[in-house]
Amino acid sequence: MQFMTIVTKILQHSASRLKQCLRTSEGLSKTSIYFFLMKELLFGTAGIPLNSNPRTTADGIRHVKKLGLGAMELEFVRSINITKEKAPEIKKVAEENNIVLTCHAPYFINLNSLEKAKVKASIDRILNSARIANLCGGYSVCLHSGFYMGQEPKKVYDTIKNNMKEITSTLKKENNGIWIRPETTGKETQFGNLDEILQLSQEFDNVMPCIDFAHFHARTNGKYNSYKEFSEILEKVEKKLGKKGLENMHMHITGIAYSEKGEKNHLNLEESDLKYKELIKALKDFKVKGVAISESPNIEDDALLCKKVYEKI
Ligand SMILES: [Zn+2]
């Protein structure tokens with residue numbers, strides 16, 4: 001990470017913002033962007049909790065607070081369902097309740113599509129997710145980068161990197177300091193093993209990984225399921241991104257069904273074979289900070305289960 005930094009705490013929030021002056025070819029630019037940094041590890045729900053009533057984003061945030069959780073992921077997976085007019089209200093509710101918001105960009109993204117129009121639409125979907133999430137005061141945006149399409153992984157990496165460059169530079173120009181988070185994916189056909197995601201994170205100062213532990217487990221047909229293997233992932237994050245990598249994590253924790261082809265569907269933790277207690281112990285031992293989102297079908301129950309296990313250790 002090659003930028004100058006000035007730390008300022010401007011929010012009474014579980015996350016504080018770090019002010020960054022971006023380096024340009026002429027020296028330091030006048031523009032400064034605020035990026036979120038986290039003070040602790042928060043557990044949260046993928047979307048509005050099941051028992052939230054009414055099922056609105058604002059009520060979902062209040063419900064997350066009532067449950068004693070710390071974060072909620074805005075699920076833009078099918079569409080970006082918050083308007084820019086509505087976003088300031090969401091931001092206000094999140095700040096009042098001290099809830100950190102993350103966002104999941106639409107599934108319909110392929111930064112390695114062979115069709116130019118689809119690449120352009122993918123870039124727009126990521127940018128628009130980042131714009132709305134930022135207006136909501138969000139911490140980070142995770143996304144599935146794309147598919148190998150039968151090509152050499154190195155070639156795919158370069159294509160995705162180029163498209164990521166357009167995304168990150170556009171957001172900087174717009175003074176949008178949200179973290180862009182390519183996710184570790186659940187199938188061998190999808191771009192996004194740990195090395196690829198960590199390397200992308202090294203290339204851009206506003207890119208960090210989204211680590212999906214269930215995806216690791218599914219992608220490798222059952223590996224990555226012990227304290228030792230979870231620790232190996234975290235060691236690698238620290239080796240490539242430094243302590244900052246561990247202190248600025250966006251993670252997904254959920255049970256998963258899988259085959260030799262990888263991910264099939266999500267399961268509740270207790271109905272799955274994921275050794276989540278060992279995972280949570282590793283997160284605690286490595287002093288990981290950031291956001292851990294439950295994507296289990298029971299959403300809030302597994303977020304609460306993880307939090308309980310974490311606090312007991
Ligand atoms: Zn995902």
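## A tour around helix α10

Start with I299, which is found in the loop between β13 and α10. The model on your screen is predicted. Look at the backbone of I299: phi is near 35°, a positive value in a residue other than glycine. Is I299 buried or exposed? Count the other C-beta atoms within 10 Å and you reach 25. The cut-off for buried is 20 or more, so I299 is buried.

**Next, select residues 300–312.** This is helix α10, with 13 residues. From its first C-alpha to its last, α10 reaches 18 Å. That is close to the 18 Å expected at 1.5 Å a residue.

Which residues of α10 are buried? Highlight E300, D302, A303, L305, C306 and K307. Keep the helix repeat in mind as you look: an α-helix has 3.6 residues a turn, so residues three or four places apart point the same way.

Now show what covers those buried residues. Among the covering elements are three strands to color: β4 (41–46), β10 (249–253) and β13 (290–294). Add the helices α1 (57–67) and α9 (276–285), which also belong to the cover.

**Keep α9 and α10 on screen.** Their axes come within 9 Å and cross at roughly 55°. The two helices are therefore oblique to each other. Their crossing is right-handed. Which residues make the contact? On the α9 side, pick Y276, K277, I280 and K284. On the α10 side, pick C306, V309 and Y310. Color these residues by type: five are nonpolar, none is polar and two are charged. C306 is worth a second click, as a residue of this contact that is also buried.

**Go back along the chain to P54.** P54 is found in the loop between β4 and α1. Both of those elements help cover the buried residues of α10. Zoom in on the bond that joins N53 and P54: this peptide bond is cis, with omega about 5°.

**Last stop: N175.** Find N175 in the loop between α4 (153–173) and β8 (179–182). Phi of N175 is near 60°, again a positive value in a residue other than glycine. Is N175 buried or exposed? Here 12 other C-beta atoms lie within 10 Å. A residue with 12 or fewer counts as exposed, so N175 is exposed.

Finish by showing both positive-phi residues together. I299 is buried, whereas N175 is exposed.

Technical notes:
Residues numbered from 1 in each chain as written. Predicted model: local features only at pLDDT ≥ 70, side-chain atom pairs only at ≥ 80, totals over all residues. Helix = DSSP H or I, 4+ residues; strand = E, 2+ residues; numbered from the N terminus. Expected span 1.5 Å × (residues − 1). Contact = placed C-beta atoms within 7 Å. Axes fitted to C-alpha atoms, helices over the stretch in contact; angles between N-to-C directions. Parallel < 35°, antiparallel > 145°, perpendicular 65-115°, else oblique. Left-handed = near helix turned anticlockwise from the far one by under 90°. Nonpolar A, V, L, I, M, F, W, Y, C, P; charged D, E, K, R; others polar.
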